[in-house]
Each structure stands twice: as structure tokens, then as C-alpha cells.
Amino acid sequence: MQTIQEKLSEALELCKTSRKDLAIAEKQFSDSLGILANYRKRKLVQNLLKSLITIRNLHHTDAKLHKLLEEENYPGAIELLLECKMSANTYRHFTCVAALTNKLQETLECTEQQLDRVLAQICYYFDSVKYNKLQMAYKLLGKTQIAVDHLHMHYISAIYNTALNIVHMYVSTSDVVDTADNTKKIYKNMCLCVGQESFIPCLIDLCKALFKIVLSYHQLVKWHNQQESNDDQGRVVDIEDSFNKQYIKQKLEHNLVKIWQDVQSKVSNLLLNSDLAMYKFDQFVQVLGIVHRLINVGEEFCGSKSQELQESIKKQSDNYFKNYHAQRLDELKIFLENESWEICPVKPTFEITQLQEFRSLRSALKNFKNRQKYIQPVPYSNSPDCNSSNHSQDGSTITGNYFIRYVEHGTPFDSALDETIIEEDILANIGDEGSCYFSEESEEENEELKKDFVDEFTDDAKIPIQSEKREKHSVKAPILTNTTLTVLRQIGKYLQMSRLLRPIALEILLCMNQLFDYYMYAVHAFFSTDLTVSSNNLYSQKLSSVLKRISDNLIREPASGEELVPKDKVLKPLLSQIVDLKRPEQLHGLAERIVA
């Protein structure tokens, strides 16, 4: 019992000591434990505050996004939206954030639509800085290839809408046929309604607008080629990025021809659905110059020969020339029927090259013999390699470089579309170094011919002979009439047209022969048919057969009743009443017969 009592006393003392020590410990460490507890609470509150701030920022994303888009910081806008989506996914356990996730997805889709609208604007004016931002934004979205596909569709739409709007400006609404059931026919029907006086301004504006689109696509391809070139200079590119760039390159190169096909299709529709037959020659040459320049643009753009455009202009040239030739034959008939067959006084030094209509051919005719002696003739060829006049020695195109000359402002169709275009674009393709269509050299030569006569080149040297010397040699003036000069002038015009309307040059030269045939037949009909001597005794067999051919193929008798009149024939001319071939005192018109 005593032992137990001693043990209890020791236990009691130990408890008293422990309680005393605990009281001291409680007094010393209670403040520190409170600090630790408060720190833990603060961390929890800070984390909660951070989450609340993030949620608040998510709710205010629209304002930041709108500001970034206004500043055209498209990569920053997409990056902001993607970060917000990740944050929303992190805090999706909050009820308010779960509802915000759908809103962010809609905002992202709206932003992509806005990017697509900006991408469509690139079709009209290529901005490399803006396009670079767009590419970075689509790369963040992982839609680089989709963006290129969309861009191609935008170019197709831009070409169609631009052509439609341009033509619509020159057409009144009442003239347009209702084609709501078939939208594809709207443009074609609008082209049919373009007035004759509005056609050339409409064609120029259409070519200007379409050139801007083509220029934009050319700069787009150039930008991607430069990017690829920069990547090849030692910088490591990941496989996915390399694959995307290869896809874009192939897509852009493949679409070059498609873009140009759409462009020439729109211009061809306007050409084919317009009636140019009644245009003056200068006006038609202006249309020809515009189309030839557009063809040159296409060749520089994608190497295309623009067959559709060439066929269109060939068809219009054929229609125009048929109408033009018929008018000239009728005009010649009127001249012949009013001709008095008296000598038209001209200087003894007169030559065909002094006529205004031969001005464009003067240089070529003057140097013809000399060029034949020293230069081998170069046959005309459509191939670039054979087209010597269109290319310089370094291979650069003289009439081209449109995408360099007009990269900042303007178009090839802004300048006056007159003789400059004819010389630069049309005659540049003929391969005739001596042809200077209405050049300054021709003007100077014209002045020279007014003062002096320049003889043709001899085999040895050029011998200028002054008009005074010619008079000393008693050179007789050529026997000409007003109608003769008219035929010569028309021949000069036809030669000009054969150079300009090269697709139908053969037809033009054949029609030029008809002018002479008609003139010669008129002389025969006026002054030979009334002779008592049979023409078989006067004419050779060949001449008789020629006159019969002319009569069968070119001359028609006055139509009777409802008889159909051939369009390719002209009425037989009648001798003017002022010419009397029956009076003996005037030797039955011997003077007129000699002149004729």
C-alpha cells in the first residue's frame, strides 16, 4: 500500500509539472499558431480573388476584343479568345463560367467571320502587313489551309461582283430583262443592254477593276514565294508548317489560270454581246487596243494566250470588217457614179506614200529593199521565242511589266487609249522592226516629203532628189481622178487594218482586192461595153476571164420584186450623166476614156 501511495504521489507531481509546462507553452506559442491559421485563410482568399478576377475578365472580353480588332491586331484577338476559352475550361466548376463558355464560342465564331471579311478585302487591294496578321491569326486557329480555300472563293466572287456592278452602272434598270429564275444569265443580259455610246467607257472601267483584282492575286503569290524563300535560308521549319506552305503554294499556282479564265470570260461576254459593227474605225481600233493590252496582262500573269478573248475579238473584227467593207463598196459606187473622169491635178512628185493613209507604212516601204538586202525576213509567230520585237535582249518584255509599273497606283488602262496602245501592244507583236505606227519618225518624214521627194533605196545608196531637179527632168504627173485617189486611200486603210486585225488579215487583203476589182469593172462597164468592136478582139483571154469572175462574184443586178439580194455583192455602177460618150465633136468621150 505504501509503495502504491508513493507511486501515486509521483504521478501527481508529474501531472502538476506537465500542466505547469503546458500553461507556459500555451502562453508562449498561442500568438504564432494564430498567425499560421490566418495565413492559411489569406491564401485561400487570394486564390478565390484570383478566380473571381479571371471570371470578371472573362465577362469583359468583348471590350478588349473589340479594341484589338479596331487596331487590326488579329493575332492578338485570336490569342485572347483562345486564352479565355482555356480559362473558362479551368473554372468550369463555377456556374457562371459554365454559361460563359457558350458565349465565348459564339464570340470566336463571330471573330472568324470578321477575319473572313477582312480576307475578302485583300482581293481588291493587297496589304502585305494586314495579310501577314491574318496569316498569323489563322495559324493560331489551325486553319491556314481553310483560309486559302476561302480566299480563292473570295477572288471568284470579287471578279463576278465587280463585273456585275461595273456593267450595271452603264445599264438602266428598265433595260435589264428579268432573270430572277436564273442568276447566271444576269450578267450576260446586262451586257446586251449596254448602249453603243457607253460600251468603250464600260470596257475600260471593267478592265481597270479586274486588273486591280488580278494585281492583288499576283502580289499574294509573290508574298507567299518570299515567305518560302525566307524559310529556306537556314531556319528550321516544323513538318506541319512546311506541309501547309507546300499546300498553299500548289493551291495558288493552280488557281492562277482559273482566276484569269474568269477575268477573260467576263470581258469576252461584254465583247460578244455588244454590236460594234457601226463603230468608226478609230473607235474600233481603240477597243482592239484595250483587248490586246488585257491579253498581254494575262500572258504576264499566268502565261495564258487568252484564247477566249482572242476568239471574241476575232469574231467582232470579222463582223466589224464585213460591215465596214460593205459600206466602202457602196461608197465607191457613189463615187464612180458621180465621177466626171477628168484629170485630178497633182504634183509631178506625187507618190502613194504621201497620202495620209500610207503614213503608218511609209517607213517600212522606204526601207524595204535595204532590209531585204541585209536582213533575213522574220516570219510572224505567236510564240514568245520568235516574237523579237516584244522582247529585249535580256528577255524582259518591253510592253509588259504591268505588275511592277502599276503596283502602287494606276492601271494599264488609265492612259489615253489611242495610238500609243496600238504601237505598244498590237504592232509590237508583229515582229516588224521597221513598222512605226504614227511615230514621230513618220511625222518628220511627212514634213520632209512636203518639201522634197525621196526616191526609193537603190542597191548602192540612198539618193535624195530635190523637187527642183525633178522638174528639170520633165517628169510627167500621174493621171489620176478623184475616185482613183479614193481607192488608193481605202487601200492604205485596208493595209493598216490588215496589220491591226491580224486574225483576219487574209480576209482584209482579199476585200482590198475587191475594191480594185470593182473599180476596174466599172471602167470596163463605162467605156468598153458601148464599143462596136467585140471585147473578144480587144481583151486577152485572161482579162476576159477576170472580168467574168468579177461579174459573177461581186456584181449584182438591181433586184426585182421580192428577190433576195446577196449581202456580199454590190450593185453595178451607172455612168454619170455629165459624161457624154455619144457626141462626135468630143470624139465620143475620148479624153474621158483615156483618163479612165
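This is a short walk through one predicted protein model, from the whole chain down to single residues.

Start with the chain. There are 596 residues, and buried ones make up 40% of them. The secondary structure comes to 22 helices and four strands. If you take contacts between residues at least 6 apart in sequence, 76% of these join residues at least 24 apart. The exposed area of the chain is about 35500 Å², with carbon and sulfur atoms supplying 54% of that.

Next, the interior. The largest nonpolar core holds 118 residues. Which residues have the most contacts inside it? They are Y155, F199, Y217, L270 and V287. Helix α8, residues 199-231, contributes the largest share of this core, with 17 residues. Another core lies apart from it and has five residues, including L68, L80, C84 and L104.

Let me stay with F199 for a moment. With neighbours within four places in sequence left aside, F199 is in contact with V194, L270, L271, S274, L276, Y279 and V287. Two of the names from the core list, L270 and V287, appear again among those partners.

Now a helix check. Helix α18 covers residues 482-500, which is 19 residues. At 1.5 Å a residue the helix should span 27 Å, and its end C-alpha atoms are 27 Å apart, so the two values agree. As for its surroundings, α18 is mostly covered, with 15 of its 19 residues buried.

On to backbone angles. Two residues other than glycine have a positive phi that I want to point out. One is S306, with phi near 55 degrees. S306 sits in the loop between α10, residues 281-302, and α11, residues 307-337. Is S306 buried or exposed? Its relative accessible area is 1%, and therefore S306 is buried, since the cut-off is under 20%.

The other is W341, where phi is also near 55 degrees. W341 is placed in the loop between α11 and α12, the latter being residues 362-366. W341 counts as buried because its relative accessibility is 1%.

Last, the surface. L48, L49, L52 and I53 make a nonpolar patch of about 340 Å². I53 belongs to helix α1, which runs over residues 2-59. The relative accessible area of I53 is 35%, so I53 is partly exposed: that label covers the range between under 20%, which is buried, and over 50%, which is exposed.

That is the end of the tour.

Note on methods
Residues are numbered from 1 along each chain as its sequence is written. This is a predicted model: local features need pLDDT of at least 70, side-chain atom pairs count only at pLDDT 80 or more; totals for chains, interfaces and linings use all residues. Side-chain values use heavy atoms; hydrogens and water are left out. Patches are made of residues with over 30% relative accessible area and no salt bridge: like charges are joined within 9 Å, nonpolar side chains (Val, Leu, Ile, Met, Phe, Trp, Tyr) within 5 Å. Accessible areas come from the Shrake-Rupley method with a 1.4 Å probe; for residues, only the protein chains shown count as cover. A salt bridge is a side-chain nitrogen of Lys or Arg within 4 Å of a carboxyl oxygen of Asp or Glu. Buried means under 20% relative accessible area, exposed over 50%, partly exposed in between (1.4 Å probe, protein chains only). The expected span of a helix is 1.5 Å times one less than its number of residues. A nonpolar core is a set of buried Ala, Val, Leu, Ile, Met, Phe, Trp, Tyr and Cys residues joined through side-chain atoms within 4.5 Å. Contact means heavy atoms within 4.5 Å.
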